[in-house]
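Please look through the chain shown below with some patience, moving between its sequence and its fold. The paragraphs that follow take up one region after another.

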Amino acid sequence: MAGPRAAEPRRSRQFLAACSATAGALLLPLMVAAAPTAAAAPRCDSTEDCLAQMTLEEKAGQMTQVNHSNVMDDKEAIAEYGIGSLLSGGGAGPGGEPGGTAAEWADMYDGYQRAALESRLGIPLIYGVDAVHGHSNVEGATVFPHNIGMGATRNPWLVRRAQNVTRKEVLGTGIDWNFAPAVSVPRDDRWGRTYEGFGEVPHLAGMMGYASIKGLQGHGRGVGSDGVAATAKHYVADGGTAWGTGEGDYMIDQGDAQMSERELRRIHLRPYRAAVRAGAASVMVSFSSWNGLKMHQHEYLVDEVLKGELGFDGVVVSDWAGVRQVEGDSYAEKVRKSVNAGLDMIMVPDDYEQNIEAIVGEVRAGRISEKRIDDAVRRILDLKFDQELFDKPFADRGYTGDVGSAEHRAVAREAVAQSQVLLKNDGVLPLSRNSGKDIVVGGKTADNLGYQLGGWSISWQGSGGDITEGTTLWEAVQQETEGTDTDVRFVGTDTGQDFSGDIGIWVGGETPYAEGFGDDADLALSEADSKQLGDICAKTDVCIAMLVSGRPLIVDEELETADAFVASWLPGSEGAGMTDVLFGHEHFRGRLPVTWPSSVDQEPINRGDGQKPLFRLGYGLRR
Ligand code: GLC
């Protein structure tokens with residue numbers, strides 16, 4: 001809002017903007033006197049009714065999404081600017097810090113919603129979060145295996161059940177929009193977001209993406225008040241970028257997908273056809289580029305293909321400050337290119353004034369049409385009305401008490417068991433819980449819940465330690481053998497000490513990371529991991545290796561050393577799912593969702609590319 005009004009305090013600027021929609025400044029004193037003083041009910045009762053009353057500034061506000069910590073100490077700005085959406089970026093819990101209980105999140109959500117209802121038309125917020133493997137930002141929530149493990153289950157019904165649990169736990173915090181599922185098709189395992197994809201082939205991403213959307217949004221069309229809006233992301237070919245083309249310091253993340261349109265459509269676009277069929281409420285645009293042009297300004301792929309050819313009628317949202325990566329001499333030029341390309345909601349996520357002023361200025365200059373703005377706002381308001389946010393703007397506390405419930409955790413435990421892929425078994429598994437043998441457990445991940453969860457867990461990057469409620473592998477082994485004459489001993493990472501045993505279990509692999517921070521040129525186990533595995537196998541009669549990682553690692557030697565080898569992926573909070581298959585309560589049924597390389601020089605390696613992998617896509621022993 002440029003010009004003399006820029007000097008005004010923000011609140012009067014809003015009233016002036018509202019009054020500019022009517023004839024007379026003479027009305028101003030009357031309107032100020034009559035301004036609503038309580039959190040009144042919304043003052044428009046349909047998308048078209050709201051649109052007809054909204055000023056251009058208010059429409060630009062609806063298209064603006066802000067990370068909550070930017071308005072935490074100035075909630076009035078939500079109403080003054082008519083901000084349409086807030087989000088909690090990874091780790092942005094109540095108070096702007098990682099963590100917080102479900103009740104604290106619900107209180108936070110309601111506080112912001114009350115502030116939004118103070119706006120001139122009282123249009124409620126829609127609030128987004130990355131509940132990408134359960135509502136993993138929230139302390140005590142059920143944390144599922146990351147998508148690569150869910151892909152290993154090949155069980156879409158289980159994925160749908162898992163997402164239904166996530167739906168209930170997200171609703172328990174009031175939140176109505178989940179930036180999930182990623183329907184990425186990771187083609188180069190060196191990419192730090194490989195674990196966010198379901199696998200390297202489009203049908204797996206499409207099948208599990210469809211199931212995820214149905215689990216989150218419910219079985220009918222639309223979302224409803226008992227659904228959570230799902231987001232198919234990141235559009236498109238985020239998993240197809242070339243090594244060395246990454247954005248900034250990243251080696252491959254946010255890079256350039258250098259391929260023909262035929263390959264893009266055959267591999268990376270297909271899961272979006274499934275997502276649109278599933279009724280995805282939103283699609284998030286990728287940071288990456290296609291043949292040198294940023295997706296955030298790609299009018300052909302966003303407007304013509306996604307919205308036109310695929311018929312997507314939901315909300316297209318930018319990624320975190322993704323507009324700023326668009327070519328342009330000013331923010332106004334960048335946001336104009338994004339909005340004209342078909343983006344409806346801009347995840348700014350901080351300078352909301354700049355975003356609103358830029359959109360208003362570009363419309364007034366005739367560089368963005370009112371028609372495009374109305375289309376964007378219509379999509380946003382249609383979603384809010386579909387979710388009944390105008391009638392039920394606050395958290396449904398009926399869900400809050402079930403966050404992290406035993407019933408929910410049982411679904412996650414089942415998912416963990418079905419995700420385990422048995423790569424080698426020289427007659428060792430299944431173990432007997434009552435064998436009377438001595439079991440020694442060690443490795444850096446054996447009793448580290450944070451490592452078991454991986455990235456996007458309580459904080460954006462994740463971290464080690466007891467960061468939330470859950471069961472580590474070591475705790476699960478103790479539970480499994482309690483009351484039997486099987487002795488269990490924990491050596492942790494101190495495997496140089498003197499010990500012996502009948503059976504050794506090593507758990508190690510990757511420590512948590514997210515996004516480009518996980519881009520990795522080597523895919524190698526650490527020397528410490530290799531040594532600890534070697535020590536445990538040398539000091540026990542038979543040994544089992546459990547690799548906790550977001551992707552295949554180069555483990556040829558370790559495969560020789562261990563008598564049994566399990567790819568555990570990033571299993572999440574329910575470690576007992578791992579012992580369920582180790583001790584034979586569940587059969588191993590997991591199958592590789594990605595091709596497993598024998599050398600990092602083979603990357604990218606995928607089915608059908610003519611290379612000889614260590615294990616093919618779909619490999620997995622039953623016992
Ligand atoms: C991140 C991710 C995206 C996420 C968004 C909000 O940068 O790319 O997957 O949904 O920001 O946290």
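For residues 421–621, an unreviewed UniProt entry lists "domain: Glycoside hydrolase family 3 C-terminal". What you see here is a predicted model, and in it the chain over residues 421–621 is 20% helix and 19% strand, while the end C-alpha atoms of that stretch are 7 Å apart.

A good element to study is helix H17, which spans residues 473–481 and in which Leu473, Trp474, Ala476, Val477, Glu480 and Thr481 are buried. When one looks down the axis of H17, these buried residues fall within an arc of 160 degrees, so they line one face of the helix. The general geometry helps here: an α-helix has 3.6 residues a turn, so residues three or four places apart point the same way. Which elements cover the buried residues of H17? The cover includes strands E13 (438–442), E14 (487–492), E15 (501–509) and E16 (540–548), together with helices H16 (449–453) and H20 (576–582). After H17 comes Gly483, which has a positive phi, near 80 degrees.

We can turn next to the strands, beginning with an open sheet of five strands that runs in the order E4-E3-E2-E1-E11 with parallel pairing. At its edges stand strand E4 (177–178) and strand E11 (346–347), and because each has a single partner strand, one side of each is left without a neighbour in the sheet. Within this sheet, strand E1 (residues 64–67) pairs with strand E2 (residues 85–88) in the parallel sense over three bridges, and Asn67 has Leu87 in E2 as its bridge partner. Strands of a sheet pair through backbone hydrogen bonds, either parallel or antiparallel.

Another parallel pair, joined over four bridges, is made by E5 and strand E7 (residues 282–285), with Ala232 standing opposite Val283 in E7. Is strand E5 largely enclosed or left open by the rest of the structure? Five of the five residues of E5 (residues 231–235) are buried, so this strand is largely enclosed.

Finally, consider how nonpolar residues gather in the interior. The largest nonpolar core has 99 residues, of which Val71, Ile78, Leu86, Tyr235 and Tyr272 touch the most other members. Helix H6 (residues 102–116) gives the most to this core, contributing eight residues. Leaving aside residues up to four places away in sequence, Val71 touches Val66, Ala77, Ile78, Ile83, Leu86, Tyr112 and Tyr352. There is also a second, separate core of 60 residues, and Trp506, Ala545, Leu547 and Ala562 are among them.

Definitions and conventions:
Residues numbered from 1 in each chain as written. Predicted model: local features only at pLDDT ≥ 70, side-chain atom pairs only at ≥ 80, totals over all residues. Heavy atoms only, no water. Pairing = 2+ DSSP bridges. Helix = DSSP H or I, 4+ residues; strand = E, 2+ residues; numbered from the N terminus. UniProt positions renumbered as here; feature names shortened; annotations may be inferred. Buried < 20%, exposed > 50% of the residue type's maximum accessible area, 1.4 Å probe, protein only. Core = buried A, V, L, I, M, F, W, Y, C linked by side-chain atoms within 4.5 Å. Contact = heavy atoms within 4.5 Å. Arc of directions from axis to C-beta.
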